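Here are some short exercises to work through with the model open beside you. Try each task before you read its solution.

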Amino acid sequence: MDHDLVHASDAALIVGVGRWRQDALAEVYRRHAGSVLALARRLLASREEAEEVVQEVFLRLWNQPERFEPARGSLRSYLLAQTHGRAIDRLRSDTARRAREERDARRTATGAYDLEHEVADLVVAEQVRAALAVLSDDEREIVQLAYFGGHTYAEVATMLRTPAGTVKGRMRSALTKLRRELLTTGLVRP
C-alpha cells in the first residue's frame, strides 16, 4: 500500500477514489468498514445482510465519490448515514415482502379451501342425484318441484292437477326413500 495513502486525509482519499484508484478505496475501507459493518449489524441483526450493506455502501462510494461533500461532515458520518439508509431500505423491503407472502399464503389457503369445498359439493350433488334415481317418476317430480323449484305442496298439487293429499303422501314416501338411500352413503346420520 502506498505509504502516502495511509497518512492521507479522507478528503484526499475521496479524490483518489474519484480517479479510480483502488488503493485509495482500500484505505477508506480499512479505516471505516468496521464502523459501517457494526452499524449495519446492529440495525439488521444479520451478519450476511450487514455484509451486503457494507458492500453496497462502498460500491456506491466507488461509483459516486462526488456525492460525499467534506463541507457537510466527515467521511465516516457520510458512510454511516449511507449505511443507515441502506439498512432501513432492506428492513422496509423485507417487511413489504413478508406482508406480500402472507397475503399470498392467505389467498392460496382460501383458494385451496374453495377448491376443497367445491369438490365436496360435487360429491354431495352426485349422491343426491343417485338417491333421486331410486324414486318413481311421480315422486321425483314432486320432490323436484317442491325442493328444487321452491313451490309449496298446494302449488305442486295445482301444477300436477293432483289432490294435495296425494302430493303429501308421495312426498312423504319420497323423503323416506331418499333418507334410506342417503343413510347408505353416510351423507345423513341415523
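The exercises below deal with nonpolar cores and with backbone angles in a predicted model.

**Exercise 1.** Find the largest nonpolar core and work out which helices build it.

*Solution.* Start with the residues that have the most contacts inside this core: Val28, Phe58, Leu61, Leu75 and Leu79. The core as a whole has 25 residues. Next, look at where they come from: helices H2 (10-18), H3 (22-44), H4 (47-63) and H5 (75-132) each give two or more residues. Finally, H3 gives the most, with 8 residues.

**Exercise 2.** List the contacts of Val28, leaving aside neighbours within four places in sequence.

*Solution.* Val28 is in contact with Leu13, Val17, Ala33, Phe58, Leu61, Leu75 and Leu79. Now look for a second, separate core: this one has 14 residues, including Ala131, Ala146, Val156 and Val167.

**Exercise 3.** Locate Ala45 and Arg161, then decide for each whether the residue is buried or exposed.

*Solution.* Begin with the backbone. Most residues other than glycine have a negative phi. Ala45, however, has a positive phi, near 55°, and Arg161 has one of about 50°. Then place them: Ala45 sits in the loop between H3 and H4, while Arg161 is in the loop between helix H7 (153-160) and helix H8 (164-185). Last, apply the cut-off, under which exposed means over 50% relative accessible area. Ala45 counts as exposed because its relative accessibility is 72%. Arg161 is likewise exposed, because its value is 79%.

Key:
Residues are numbered from 1 along each chain as its sequence is written. This is a predicted model: local features need pLDDT of at least 70, side-chain atom pairs count only at pLDDT 80 or more; totals for chains, interfaces and linings use all residues. Side-chain values use heavy atoms; hydrogens and water are left out. A nonpolar core is a set of buried Ala, Val, Leu, Ile, Met, Phe, Trp, Tyr and Cys residues joined through side-chain atoms within 4.5 Å. Buried means under 20% relative accessible area, exposed over 50%, partly exposed in between (1.4 Å probe, protein chains only). Helices (H or I, at least four residues) and strands (E, at least two) are DSSP runs, numbered from the N terminus. Contact means heavy atoms within 4.5 Å.
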